[in-house]
Amino acid sequence: MMPYCLKHIIRNPIKSLLVVMISVLITGFTFLYFVNISQYKSNISEAYDTIEVRGEIIHRDNRKDRLFIPVDIIKDIMNTGFISEAYLEVQELLYYIKPLISIGESKDTTSYTFGTNNIREFMPVSSGLISIKYGPEYDDSIFSTDERICIVNEELMERYKLNYGDEIIVSGSFDFEDINNLDGLSFIIGGSYSLKKTDLFYGFSEKDIIVPLRALEDNIYQYLNYKSLEYSPNANYYFYSKAKFVFKNTHRLDEFKSYLKETDFGKPIDSLSNKKVAGLSFLIRDNELNNTVNPLKKSLSFLEKMIPVFIIAICIVAFLSSLLILNVRKKEFAILRALGISRVSIVKSVVVEKTILCFAGIFIAILIFKFLHYDILNLQDNRLFIGLGLYFFVNLIADFIIAIMLNNNKVLYQLSSKE
């Protein structure tokens, strides 16, 4: 059986080549279809991995004034596991700075101490509105520590003849009567900033200082809360004035949005459990991600939905190609039957021959894609192999059925029919 099939393949190179080419094309188109699906999935995954998505707490009504963000809200967000890093900032009002400001100035002038955990995210610095120069022992890394280091205005340092390494005293607005005995916390001058403009901007002026956020949290707030108890027992100094976040895994962004809906951020104002959140909203800046991913998802969804149509189409092509190719072999089958070859043997030879040619076509297609650096066997999509399996199965079934039908005709009728 096998020798006859091989001889027939060799003696009819055009018909054999046609079957192989059809198999190569069908296999190739099937590979390309699922390669495109794999590529879309890869592009979507790459977009999620490479496009940075940030979130920010803002006013619900988009006002530009200072925010008051409760500490427990930030802790809850950080504990969700969705956040890789957070930029936090505190803007505290009316600190007295000794020896930079006299008592009269401290009472008449609004000044701030800014705490930040990333000086390059600090708006006046990131916008180029101020520039910072460090002393010999310090750099940006101080803002990730709890060291009591401060950055003060360069002009004020010159005015009060201060140098890097000198100490200043930071205090609250308590007991200003005796400047020499005023309580407070000592901070080392680790750097200076120069203003690019002299008027107030972003709530920042030449009398303000910048300190590491953790130093503010671990030192100043403890001092202020202790000192304020005798004046205002219920005072709470601990509010963030800015909170920005970088998401750890943007694949899970929808999960985080669901989390927000369950928190006070997603509830109507009149049903909030924490009234301090009433004026706050969580803004997720995912436009770039959505603009990149959504068209890819739409195309991928279309290809996924069209898989059954595609598989049916290649099965129809398999059946029609078998019908056309076997139809021209009617006289050959009649001659074989006239020579005494049984119908069963003829049908077997047709099926074996198609099996050889189909496998040859599939193998050639795999080699071509391998040469083009597509490792088809590692696509890990079972639907690819199901589609090829159905194509191969339909080919054999079609040949089997058509060969039986053709061999049921009388020999003289088949010999007299036109191809």
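Ala, Val, Leu, Ile, Met, Phe, Trp, Tyr, Cys and Pro count as nonpolar here, Asp, Glu, Lys and Arg as charged, and the others, Gly among them, as polar. This is a predicted model, so local features need pLDDT of at least 70 and side-chain atom pairs count only at pLDDT 80 or more, while totals for chains, interfaces and linings use all residues. Residues are numbered from 1 along each chain as its sequence is written, and side-chain values use heavy atoms, with hydrogens and water left out.

**View 1. The second largest cavity and its lining.** A cavity is a set of points on a 1 Å grid, over the protein atoms alone, where a 1.4 Å probe fits but cannot get out; a residue lines it if one of its atoms is within 4 Å of a point. The structure holds 2 cavities of 30 Å³ or more, and the second largest has a volume of about 50 Å³. That volume is the space filled by probe spheres set on the grid points, which are joined across faces, edges and corners. Around this cavity sit Val19, Ile22, Ser23, Ser321, Ile325, Lys354, Cys358, Tyr391 and Asn395. Sorted by type, the lining has 5 nonpolar residues, 3 polar and 1 charged.

**View 2. The helices around that cavity.** Helices are DSSP runs of H or I with at least four residues, strands are runs of E with at least two, and both are numbered from the N terminus. At least two lining residues come from each of α2, α10 (307–327), α12 (343–371) and α13. Helix α2 gives the most, with 3 residues.

**View 3. The largest pocket.** A pocket, unlike a cavity, is an open set of points, with protein on both sides within 12 Å along at least five of seven lines. The largest one has a volume of about 400 Å³. Of its 17 lining residues, Arg63, Lys64, Asp65, Leu67 and Lys242 are the closest to its centre. Strands turn up in this lining: β1 (54–59), β3 (83–93) and β13 (280–285) each supply at least two residues. The largest share, 4 residues, comes from β1. By type, the lining splits into 8 charged, 5 nonpolar and 4 polar residues.

**View 4. Glutamate 304 and its two salt-bridge partners.** A salt bridge puts a side-chain nitrogen of Lys or Arg within 4 Å of a carboxyl oxygen of Asp or Glu, and the count comes to 9. Glutamate 304 pairs with lysine 41, the closest N and O atoms being 3.8 Å apart. Glutamate 304 lies in helix α9 (residues 287–305) and lysine 41 in helix α2 (residues 13–50), so this pair ties together parts 263 residues apart in sequence. Glutamate 304 also bridges to arginine 383, with the closest N and O atoms 2.3 Å apart. Arginine 383 is in helix α13 (residues 382–407), 79 residues from glutamate 304. Shared partners join Lys41, Glu304 and Arg383 into one network. Partly exposed means a relative accessible area between the buried class (under 20%) and the exposed class (over 50%), using a 1.4 Å probe and protein chains only. Glutamate 304 falls there at 23%, as do lysine 41 at 39% and arginine 383 at 27%.

**View 5. The pair of glutamate 255 and arginine 252.** These two side chains meet in a salt bridge of 3.2 Å, N to O. Glutamate 255 is partly exposed at 42% relative accessible area, and arginine 252 is partly exposed at 30%.
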